[in-house]
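This briefing takes up two topics in turn: the surroundings of a bound ligand, and the enclosed space inside the protein.

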Amino acid sequence: MVLPRSPLDKMKAQLQVMKFGGTSVGDAACIARTAQIIAKAARSRPCIAVVSAMSGVTNRLIDAAKRAAEGDTEAGAAIVAALRTQHDSALASLVSNDDARKAVREKMDDVLAEGRRLCDGTALLRELTPRTLDAISSLGERLSAPLVAAAVSELGVPSESVEATELIVTDAYHGGAEPLMDLTRAKSEARLRPLLAKEITPLVTGFIGASEDGKLTTLGRGGSDYSATILGAAMDAAEVIIWTDVDGVLTADPRLVPDAQTIPEISYREAAELAYFGAKVLHPKTLNPVVQAAIPVWIRNSFAPERPGTKITPHGRSIGGGVKALTAIRDVALISVGGPGIVGVPDVVGRTFSTTAELRANVLLISQSSSQNDICFIVSSADAAKTVEALRKEFAHDLAHHKVEHITVDPNIAIVAVVGENMRGTPGIAGKTFNALGRENVNLIAIAQGSSESNISFVVEEKAVKSALLTTHREFGLHNPAS
Ligand code: ADP
Ligand code: ASP
Ligand code: MG
């Protein structure tokens with residue numbers, strides 16, 4: 001017997017979580033377009049919107065925080081004044097109702113005053129803790145959410161801004177916090193469901209959360225994508241739509257490969273591999289929360305909402321050639337630990353990776369030669385200096401006795417990854433890739449293939465990234481959507 005669905009079930013079944021990135025809320029005109037998209041969707045189904053800071057704002061905030069830490073006592077006043085002007089001018093052109101404008105201005109004033117105190121305190125102490133940096137970097141989202149909510153309400157669709165500190169509960173790892181899903185689910189349900197029941201569209205700050213004891217955390221740079229899928233999973237949404245400034249997931253970064261094509265459908269695994277190896281269109285952790293519930297995620301262009309975008313689904317849609325897309329990650333460094341003597345040093349591999357794990361350094365690729373003379377691995381540039389320092393400490397004794405001869409770092413490298421689930425059943429992809437690169441004189445520094453065989457990644461010199469991408473893109477016919 002099929003039971004009739006309750007209104008709550010219906011609401012859950014249709015719920016859409018939409019996220020808008022920095023460029024989609026970059027200025028008044030962009031916010032107006034974004035507000036139209038939200039209002040249109042919210043008229044026909046329940047929606048939760050998640051927004052990033054206006055584009056460039058987070059970078060400027062982090063820069064101000066760092067200057068304050070160096071003792072620049074003007075940094076706080078300067079950034080606060082600039083942000084006030086920028087957000088005020090958008091507010092003036094988006095919201096005509098005086099009361100509504102006043103309410104947003106009051107919220108913004110509170111956030112800006114807090115920002116000023118945080119920067120001034122940092123300058124006074126000349127110290128920037130990860131917690132303070134999170135508090136300062138979060139100001140952009142806390143300013144944009146009330147602005148966008150007012151712009152949506154202006155269109156006759158009631159909307160209320162909600163700070164994600166009230167919804168997303170995380171561990172206390174500042175700068176890259178992880179959600180605690182059960183707690184997040186309970187808090188999000190309690191705060192958001194009543195708004196949805198009243199047909200009010202919640203407008204949530206992306207990028208941020210709070211630890212169990214209420215301290216603001218951030219999910220890592222570009223983390224608003226992750227905020228959207230965390231909320232999608234927590235609220236049992238029917239789908240998550242990530243609105244950005246390109247038509248979807250493309251066969252390569254369009255800034256490097258101009259004839260890259262939009263991929264209509266791609267699997268979770270493929271999209272996750274692309275994100276992990278640097279495709280900025282998705283934060284690397286974006287798909288984690290939605291995999292279990294198989295919630296589809298769309299990537300669409302807020303500047304061209306009529307285009308269909310890319311649908312990310314559990315299995316994607318297979319294509320003949322096997323290779324779906326390419327990606328490159330440039331802000332990385334190659335660290336090598338080695339020397340002929342390491343054969344005799346017990347557990348070099350174990351000690352190396354315990355060290356990186358302790359630092360929470362993200363190891364992107366590992367390669368070890370069979371002679372065991374050398375272990376090399378890649379971490380993001382931000383983690384390189386502290387990783388090398390920690391390894392030199394760990395192996396100090398072995399270095400002194402020449403058992404380990406070097407621990408070196410090469411920052412001028414990049415990883416290029418060739419991604420596609422069907423590569424598994426298609427022989428010769430590695431050969432084809434390396435032949436093409438050989439023809440173009442691209443020197444390969446290291447190669448790795450995951451056991452899932454849905455990606456082959458290789459390390460090249462940084463200056464060769466563009467030609468490696470262009471060559472491989474052509475070799476696999478990715479410029480031709482029919483292939
Ligand atoms: P948002 O501000 O909306 O979060 P991002 O700048 O973080 O947007 O991500 C979108 C950008 O990702 C695009 O403008 C594009 O340059 C870049 N990008 C890199 N690789 C890809 C890819 N494979 N497909 C689409 N975009 C990509
Ligand atoms: N505003 C944050 C950043 O710039 C988060 C995001 O845009 O996703 O990193
Ligand atoms: Mg982004």
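Which residues come nearest to ligand 1? In this predicted model, Thr-244, Asp-245, Leu-250, Arg-255 and Lys-280 come nearest, out of the 17 residues around the ligand. The points below describe that shell and its polar contacts, and then turn to the cavity.

**Surroundings of ligand 1**

- The shell around ligand 1 is mixed in character, with seven nonpolar residues, five polar ones and five charged ones.
- Asp-245, one of the residues that come nearest, places a polar side-chain atom 2.8 Å from an oxygen atom of ligand 1.
- For Lys-280, also among the residues that come nearest, the distance between an N or O atom of the side chain and an oxygen atom of the ligand is 3.0 Å.
- Asp-253 has a polar side-chain atom that lies 3.3 Å from an oxygen atom of ligand 1.
- Taken on its own, ligand 1 has 570 Å² of accessible area, and the protein covers 89% of that area.

**Enclosed space**

- The count of cavities of 30 Å³ or more comes to one, and the largest cavity holds about 30 Å³ of space.
- Its lining is made up of Leu-61, Ile-79, Val-80, Leu-83, Leu-112, Gly-115, Arg-116, Cys-119 and Leu-139.
- Two elements, helix H4 (75–94) and helix H5 (98–125), each give two or more residues to this lining, and H5 gives the most, with four residues.
- By residue class, the lining of the largest cavity divides into seven nonpolar residues, one polar and one charged.

How values were computed: Residues are numbered from 1 along each chain as its sequence is written. Chains are lettered from A and ligands numbered from 1 in the order in which they are written. This is a predicted model: local features need pLDDT of at least 70, side-chain atom pairs count only at pLDDT 80 or more; totals for chains, interfaces and linings use all residues. Side-chain values use heavy atoms; hydrogens and water are left out. A residue is near a molecule or strand if one of its heavy atoms lies within 4 Å of it. A polar contact is a pair of N or O atoms within 3.5 Å; within protein, one must be able to donate a hydrogen and the other to accept it, and residues adjacent in sequence count only if both atoms are side-chain atoms. Accessible areas come from the Shrake-Rupley method with a 1.4 Å probe; for residues, only the protein chains shown count as cover. Ala, Val, Leu, Ile, Met, Phe, Trp, Tyr, Cys and Pro count as nonpolar, Asp, Glu, Lys and Arg as charged, and the others, Gly among them, as polar. On a 1 Å grid over the protein atoms alone, a cavity is a set of points where a 1.4 Å probe fits but cannot get out, and a pocket is an open set with protein on both sides within 12 Å along at least five of seven lines; lining residues have an atom within 4 Å of a point. Grid points are joined across faces, edges and corners, and a volume is the space filled by probe spheres set on the points.
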